[in-house]
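Reader: I have a structure on my screen and a few bench questions. Can we go through them in turn?

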Amino acid sequence: MQLTWADCWMNHKEDSLNSSEQSFCDAYYSEAPTHRLYDLRWIFLDVDEDDVSEDWMEVQLTNLNSVFLPWGFQFQTNEVVIIADAVAESDDYYEEWTLREILPDLRAQLGLSEDEQMALDELKDELAARHVSQEELDNITLDEEYNTAAAFRLASRARSESITIVIRPGLDASGKSGGPPPEFQISRGSVLELRSTLLNGNSLTTLPHEMGHFFGIGHTHAPDYNEAEADFGFEQRWTRMAHDGEAIRRVVGEDYSQPFGEPYLAYDGSGQDLVEHQELMGEAFVWPTWNFLYSGDQEKFNSLAEFVQAGEAGETIYRTNFERNYGFDGKSVEWYGMNCFWNDSASEGQCLFGEDPVIRLNNQHPLLQDSIFFENGTVSNLMSYITPPYEDVSSRRGITDEQEDMIRFTANSPMRMLLYNHCLGTELCSDFPDNQDDSGGDDSEVGPVPEPVPFCCTGTSTEIYVAVGIVAVAVALAIMRRKR
Ligand SMILES: [Zn+2]
């Protein structure tokens with residue numbers, strides 16, 4: 001069985017690596033990988049076996065891989081579990097069951113014994129083997145209570161070498177996901193959720209978008225502005241960085257001029273290296289964010305340094321993509337909905353700013369090209385709610401170079417390095433395109449933003465998960481169409 005980064009990190013600390021393990025860790029966990037191939041576990045809750053088609057999974061997987069291939073990420077199905085009558089599946093967040101009650105679900109997912117006490121011991125063994133701390137293990141008892149998400153997250157942690165996708169009817173969005181927390185020895189695993197109604201359609205945008213969140217990138221837009229332009233709030237956000245900006249400056253320099261690169265925590269790094277990596281997880285979100293901001297009359301920033309300069313000079317900084325007058329209360333407003341959208345009649349992507357007059361920019365404007373829209377406007381940003389007409393793969397598959405830095409950084413976070421990367425030590429990834437990794441070097445991690453206001457809404461802490469919305473998109477598009 002392949003060693004994960006977490007195995008190497010923990011065993012190195014305990015001085016328990018044998019020489020062949022040591023060589024493996026040295027070869028593959030001293031610097032960031034260029035390619036990644038991850039296993040997927042598909043877990044269907046309250047879905048009949050008849051409703052799960054292999055074709056559907058195949059189409060979803062093929063599309064996901066097409067979207068992520070340019071970034072050197074690929075996925076393969078490793079396991080499919082269908083629980084037609086799950087105990088822990090509800091649309092009520094507060095409904096809870098004891099661990100004893102959810103054992104049937106855990107047995108179906110993890111193959112635990114019939115005997116309760118044996119099943120509990122086996123569960124703890126699985127978690128311990130994946131480096132859940134003793135303190136966390138001690139809190140797991142047959143009487144401990146779990147809601148739906150806590151139940152499937154516990155199971156996913158016991159299979160943390162794979163990415164778990166839970167497909168269930170009770171989800172209150174078409175998809176949900178989030179980035180990793182800084183701490184990896186917790187018993188709450190990561191999960192990407194899809195609503196089971198997706199099984200009846202051919203939507204291809206949700207899964208790649210949620211995978212984007214899973215690897216630490218947030219929405220391009222800010223929700224809920226009732227102004228003609230969406231003030232980014234430089235003062236509140238910049239001055240309240242989790243570590244006063246020190247973590248991000250360690251990477252991009254005091255003047256913010258250096259490339260982010262791919263910060264990486266080597267398996268034999270020090271405790272201080274881990275702390276600095278975790279601190280960077282709290283501040284790294286600013287790196288992809290500056291590219292979705294502007295000042296003045298839609299003047300784009302060309303670098304993080306330019307953005308910081310403008311903000312520190314007291315200029316108002318605005319979001320490029322936002323959701324305006326969302327809580328429309330019947331008052332007369334000129335327009336509401338997403339300010340960036342696919343305009344059917346013009347057959348192009350556009351964004352609206354200001355009012356009196358409303359300024360309408362198309363995808364070729366420097367502010368929008370290669371950040372909100374890509375490939376001559378035929379493709380939109382993966383993390384937007386804009387979906388140009390389909391071709392054969394999701395037409396929402398563009399990301400900026402900075403977002404790409406971020407997904408690699410997140411893939412290098414301790415929590416995500418519980419995953420197997422099947423590219424390491426194999427030929428499985430030799431046909432991937434070459435990455436144009438600009439800087440190499442060390443990377444760090446993802447973007448959980450512990451406390452200050454996150455710039456975007458990605459799951460920056462364990463509890464903050466991002467509802468995505470094909471539903472929201474459909475509603476927004478319907479609204480936009482009505483207005484135009
Ligand atoms: Zn989302």
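Author: What follows is a set of short questions and answers on this predicted model.

Reader: Which residues coordinate the zinc ion?
Author: Look for the donor atoms around the metal. Each donor here is an NE2 atom, at 1.9 to 2.1 Å from the zinc ion. Along the chain, the donors follow the spacing H-x3-H-x5-H. The coordinating residues are H209, H213 and H219.

Reader: Where do H209 and H219 sit along the chain?
Author: The two residues are 10 residues apart. H209 belongs to helix α8, residues 206-214. H219 lies in the loop between α8 and β8.

Reader: Is H219 buried or exposed?
Author: The cut-off for buried is under 20% relative accessible area. H219 has a relative accessible area of 5%, so H219 counts as buried. H209, with a value of 0%, is also buried. For H219 the answer is: buried.

Reader: Which strands stand at the edges of the open four-stranded sheet?
Author: Start from the strand order, β9-β12-β10-β11, with antiparallel pairing. An edge strand here has a single partner, so one side of it is left without a neighbour in the sheet. The edge strands are β9 (230-231) and β11 (299-300).

Reader: What is the bridge partner of Y294 in β11?
Author: Strand β10 covers residues 293-295. Two bridges join β10 to β11, and the strands run antiparallel. The partner of Y294 is K300.

Reader: How many of the residues of β16 are buried?
Author: Strand β16 spans residues 348-353 and is mostly covered. E348, Q350 and L352 point one way, while G349, C351 and F353 point the other way. Both sets are buried. The count is six of six.

Reader: Which residue in the turn between β15 and β16 has a positive phi?
Author: Four bridges join β15 (residues 340-343) to β16 in the antiparallel sense. One bridge pairs C340 with C351. The two strands form a hairpin with four residues between them. The residue in this turn, with a phi of about 55 degrees, is S347.

Reader: What is the phi of G354, in the turn between β16 and β17?
Author: β16 also pairs with β17 (residues 359-362), antiparallel and over four bridges. F353 stands opposite I359 in that pairing. The hairpin has five residues between its strands. G354 has a positive phi of about 65 degrees.

How values were computed: Residues numbered from 1 in each chain as written. Predicted model: local features only at pLDDT ≥ 70, side-chain atom pairs only at ≥ 80, totals over all residues. Heavy atoms only, no water. Donors = N, O, S within 2.8 Å, 3.2 Å for Na, K, Ca; no water. Buried < 20%, exposed > 50% of the residue type's maximum accessible area, 1.4 Å probe, protein only. Pairing = 2+ DSSP bridges.
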